[in-house]
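User: I'm new to this one and would like a friendly walk through it. Could you take my questions in turn?

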Amino acid sequence: MAITPLPTALVIGASFAYLSALFAVAAWGDRRAAQGRSVIGNAWVYTLSMGVYCTAWTYFGSVGRAAATGLWFLPIYLGPTLAMVMAWVVLRKMIRIARRWRITSIADLISSRYGKSPVLAGLVTLIALVGVVPYVALQLKAVASGYLLMTGGASGAGAARPWWSDTTLYIALALAGFIIAFGTRHHDTTERHEGMVAAIAVESVVKLVAFIAVGVFVVWDLFDGPAAMLQRVQAAPELAHVLQGGGRPFAYDQWFALMLLAMLSVILLPRQFQVMVVENVDERHLRRAAWAFPAYLLAINVFVLPIALGGLLYFGPQGQANAETFVLSLPLSTGAGAVALVAFIGGLSAATGMVIVEAIAVSTMVCNDLVLPLLLRSRWADRLRGPGPRDLTGLLLGIRRTVIVALLLLGYVYFRLAGEAYALVSIGLISFAAVAQFAPALLGGLFWKGGTRNGALAGLSAGALLWAYTLMLPSIARSGWLPEGFLQQGLFGIAALRPESLFGMSGMDNLTHALFWSLLGNAGLYVAVSLWRPPTARETSQALLFVDVFERDGSPEAFWRGRAEVADLLALAGRFLGSEHANTLFSGYAHRQGVADIDSLKADAQMVQWVETQLAGAIGSASAHVMVASVVEEEVLDLDDVQRIVEEASQLRHVNEQLKSLDRMKDDFMSSVTHELRTPLTSIRALTELMQDDPEMEGAQRQQFLGIVVGETERLSRLVNQVLDMAKIESGHAEWHNADVDLRQLLTQAVQTTAELFRERGASVELLMPEQMALLRADPDRLLQVVLNLLTNAAKFVPDPGGRVQVRLSAYAQGVRVEVQDNGPGVPRDQQKMVFEKFRQGEDSVSRPHRAGGTGLGLPISRQIIEHFGGRLWLRSDPGHGACFGFDLPWRFDDSKETPP
């Protein structure tokens with residue numbers, strides 16, 4: 001059947017328009033994140049981002065496989081479905097570990113588990129890089145083939161043409177440029193790529209809708225519905241072999257191998273680790289993804305077999321050779337150019353989504369675990385380690401961008417070498433088998449404390465070598481780039497070393513055979529070598545932190561001992577994170593530690609571990625450990641030291657549990673006391689109401705007495721409520737009702753509420769706010785309480801009359817600031833430090849000249865509330881010119897602990 005191509009300009013224009021729209025979605029997602037209005041904090045977006053698993057393999061390759069073998073395309077999607085059954089056990093643990101230790105890649109996770117070994121991180125990265133290259137080639141082949149078909153080969157593509165005139169090369173370079181602009185704007189890779197995730201979620205919708213559109217077109221437009229199509233299939237004896245599995249007997253070993261491979265790959269592929277672990281913002285999203293992601297896989301595969309059968313019916317048996325392009329060729333052959341263009345955009349979406357995320361993930365791994373360790377051993381070492389405020393963030397971004405270009409070019413080279421000899425599905429399975437080698441080291445490391453670095457190295461090395469020998473090299477040999485003699489005769493002519501029947505094992509297909517030997521050698525050596533020698537002290541400490549991550553979440557263990565200087569650690573952080581960002585991080589750390597500034601920090605084990613964790617987000621755990629070790633004097637720990645630290649931490653946890661018990665007792669006591677106090681207070685109020693009807697008491701005397709009693713009653717009531725509120729907040733039993741808060745509206749309400757108080761004191765209040773501001777995530781009632789406390793405090797100290805109070809609201813990149821400035825006497829400089837100490841101790845006796853008394857418990861409660869939302873309450877005062885109490889709040893805070901999962 002003749003295929004009517006579309007104009008080249010139309011195909012290219014539509015492609016660039018789609019990619020531009022995708023870039024706009026990413027930019028919109030990043031802007032929303034900067035405003036504190038994240039679009040990825042949604043379980044549906046998280047689930048759709050997992051759809052990056054469905055690449056050009058799914059879009060084109062599954063149809064080709066179904067046309068040849070019937071339902072044999074299904075194991076690739078049944079595997080991930082089974083994997084999601086274990087998501088709450090395996091994936092949740094990976095997410096918790098990654099969030100706790102700022103893990104940014106699968107190489108980072110495996111190396112961190114085994115003592116932060118740079119050698120192990122480098123080996124994992126090499127395996128991932130070599131294994132991913134065929135998958136990138138698959139995407140390039142799919143896009144290039146689709147473009148060639150859509151345009152009638154006007155521009156040409158393929159391995160048969162000279163490289164400088166091959167459209168595939170320019171597609172690879174264009175994708176590289178798009179990815180660089182798309183996903184390498186941040187130097188700290190634990191800063192989530194919110195724009196990227198939003199764009200990938202949109203891509204998942206686009207490719208699903210496009211594929212379903214083609215399926216609907218084939219079934220209902222070409223064949224008048226499922227019933228009519230089924231009748232024609234049954235009437236075509238040449239299609240019987242398709243419905244019977246391609247004429248091949250059902251092989252349970254092959255189905256099991258494919259399902260196992262897919263089950264491992266959906267967790268271990270670098271791009272899947274990126275979207276499922278690194279980009280996860282809430283563990284609870286896994287609950288929905290556990291069923292919604294399999295549902296997505298079902299939806300995108302519903303029309304695979306109908307499209308395959310429709311193509312075989314329409315083109316005849318000779319069409320099977322080009323079955324992978326049925327998605328495009330069917331609408332093109334029938335004049336449905338619009339449907340063909342939609343299908344091509346869907347295929348482009350499937351390919352670009354995979355390449356974008358894979359390239360970002362692999363570039364991070366190569367930069368952190370291959371290039372940086374090499375630089376540390378070269379002439380760059382002095383620059384990386386040396387003193388001084390050198391900012392190396394630009395260097396890190398340059399390395400990642402270079403790796404992205406190199407990865408796309410390597411994919412193109414593989415496409416030229418082997419791409420034409422293998423179907424899309426076969427190329428994808430080679431990559432799946434490569435990343436499956438991470439399974440023993442990763443899964444063993446998550447659940448077995450006995451695994452060691454040497455065991456992981458031995459297992460990964462053996463598995464990678466067996467994979468390359470039994471699967472990768474045969475694929476290159478069949479492409480004509482290696483002599484095929486060793487396939488038939490074995491290496492050095494030894495029959496037992498034939499790569500596709502190693503040690504005489506036959507009767508398996510090539511993939512099952514390679515998977516059997518590589519995983520057997522990998523897992524066997526991992527266990528054997530790990531049992532041969534016990535773990536070192538560092539491996540033991542990391543095993544405790546990883547295997548028992550849920551039991552030790554938030555635990556105080558810091559497996560480090562030695563000497564360090566804060567200035568050295570700050571300079572090191574500034575070198576890789578940027579000076580401004582490093583100073584912000586250290587200031588926040590000082591605030592959380594309860595000290596006034598960075599200079600007051602103590603470089604103890606906790607701080608060294610914290611700095612190493614921050615650096616891990618930018619340069620990986622292994623490189624971060626090496627860099628921190630270069631500026632500190634670390635003492636080597638032995639197993640006894642590790643055991644001692646664990647015992648001390650266990651004792652500290654026991655003490656904390658006792659303190660929590662005491663807090664609960666205090667809470668119960670405060671509830672009882674406040675209940676007993678409320679009873680007489682209620683009686684006093686009732687008495688005053690009776691006195692209003694007493695005819696023997698003169699009017700002025702009665703009103704004066706009533707005013708005193710009512711005022712004192714209200715004051716005591718507020719005090720009781722504040723004491724109870726503070727007790728609940730400090731004990732962690734307060735109820736928080738978080739919602740999106742409009743601070744402009746909240747401040748307006750607070751000023752209106754206190755208007756009468758300021759009027760009585762002869763004071764004026766001025767409210768300064770921007771015209772628009774994004775919503776803040778917090779408890780509106782608690783924030784209103786804070787603002788009212790600050791306003792009430794200001795009212796006590798302004799001149800009477802002539803008092804002036806200014807309430808200011810402003811926004812900046814990380815959050816918002818609220819200031820309450822008065823023109824009272826201010827706080828003496830020698831008392832300002834004491835004010836903060838009293839805040840931390842739960843007291844509130846802020847005093848100023850010319851005014852007796854304090855402010856009750858309002859400010860300590862305000863401090864507790866603001867710190868709960870990740871903010872800071874502060875005081876700025878120039879004696880004689882008033883005081884300014886204010887607070888800063890981030891746009892977002894982690895409120896996952898407020899609602900039990």
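Analyst: Happy to help; the questions below go from the whole chain to single pairs of residues, and the model is a predicted one.

User: How many helices and strands does the protein chain have?

Analyst: Let's begin with the whole chain. It has 901 residues, and 55% of them count as buried. Its accessible surface comes to about 37,800 Å², with 59% belonging to carbon and sulfur atoms. As for the elements asked about, the protein chain has 36 helices and nine strands.

User: Which helix gives the most to the largest nonpolar core?

Analyst: The largest nonpolar core holds 211 residues, and those touching the most other members are Tyr53, Met94, Ile307, Leu408, Phe438 and Phe586. With 22 residues, the helix that gives the most to this core is α17, residues 337-376.

User: Which residues is Met94 in contact with, leaving aside its neighbours within four places in sequence?

Analyst: Met94 is one of the core residues that touch the most other members. With its neighbours within four places in sequence set aside, Met94 is in contact with Leu109, Ile267, Phe273, Val277, Leu442 and Leu446.

User: How many residues are in the other core that lies apart from the largest one?

Analyst: This second core includes Ala778, Leu809, Val820 and Ala883. Ala778 is in the range of strand β5, residues 776-778, while Leu809 falls within β6, residues 803-811. The size of this other core is 41 residues.

User: In which sense, parallel or antiparallel, do β6 and β7 run?

Analyst: Strand β6 has two partners to look at. With β4 (residues 763-768), β6 pairs over six bridges in the parallel sense, and the bridge partner of Glu766 there is Gln806. With β7 (residues 815-822), a hairpin of three residues makes the join, and Ala811 has Val816 as its bridge partner. Seven bridges join β6 and β7, and the sense is antiparallel.

User: Is Leu443, in the nonpolar surface patch, buried or partly exposed?

Analyst: Leu443 sits in helix α21, residues 439-447. Together with Val85, Met86, Val89 and Phe447, Leu443 makes a nonpolar surface patch of about 430 Å². Buried would require under 20% relative accessible area. Leu443 has 31% relative accessibility, so it counts as partly exposed.

User: How many residues apart in sequence are the parts tied together by Arg777 and Asp740?

Analyst: Side chains of opposite charge can pair when their charged atoms come close. The structure holds ten salt bridges, and in one of them the side chains of Arg777 and Asp740 meet at 3.5 Å, N to O. Arg777 lies in β5 and Asp740 in β3 (residues 739-741), so the pair ties together parts whose separation in sequence is 37 residues.

User: Which residues are linked with Glu819 in a network of salt bridges?

Analyst: The side chains of Glu819 and Arg876 meet at 3.0 Å, N to O. This pair links distant parts of the chain, with Glu819 in β7 and Arg876 in β8 (residues 872-877), 57 residues apart. Glu819 counts as buried at 10% relative accessibility, whereas Arg876 is partly exposed at 40%. The residues linked with Glu819 in the network are Arg808 and Arg876.

User: Which helix holds both Arg863 and Glu867?

Analyst: The side chains of Arg863 and Glu867 form a salt bridge at 3.2 Å, N to O. Arg863 counts as buried at 9% relative accessibility, and Glu867 as partly exposed at 33%. The two are four residues apart, about one turn of the helix, and that helix is α36, residues 858-868.

Definitions and conventions
Residues numbered from 1 in each chain as written. Predicted model: local features only at pLDDT ≥ 70, side-chain atom pairs only at ≥ 80, totals over all residues. Heavy atoms only, no water. Pairing = 2+ DSSP bridges. Core = buried A, V, L, I, M, F, W, Y, C linked by side-chain atoms within 4.5 Å. Buried < 20%, exposed > 50% of the residue type's maximum accessible area, 1.4 Å probe, protein only. Contact = heavy atoms within 4.5 Å. Patch = residues over 30% accessible without salt bridge, like charges linked within 9 Å, V, L, I, M, F, W, Y side chains within 5 Å. Areas by Shrake-Rupley, 256 points an atom, 1.4 Å probe, with all protein chains shown as cover. Salt bridge = Lys/Arg side-chain N within 4 Å of Asp/Glu carboxyl O.
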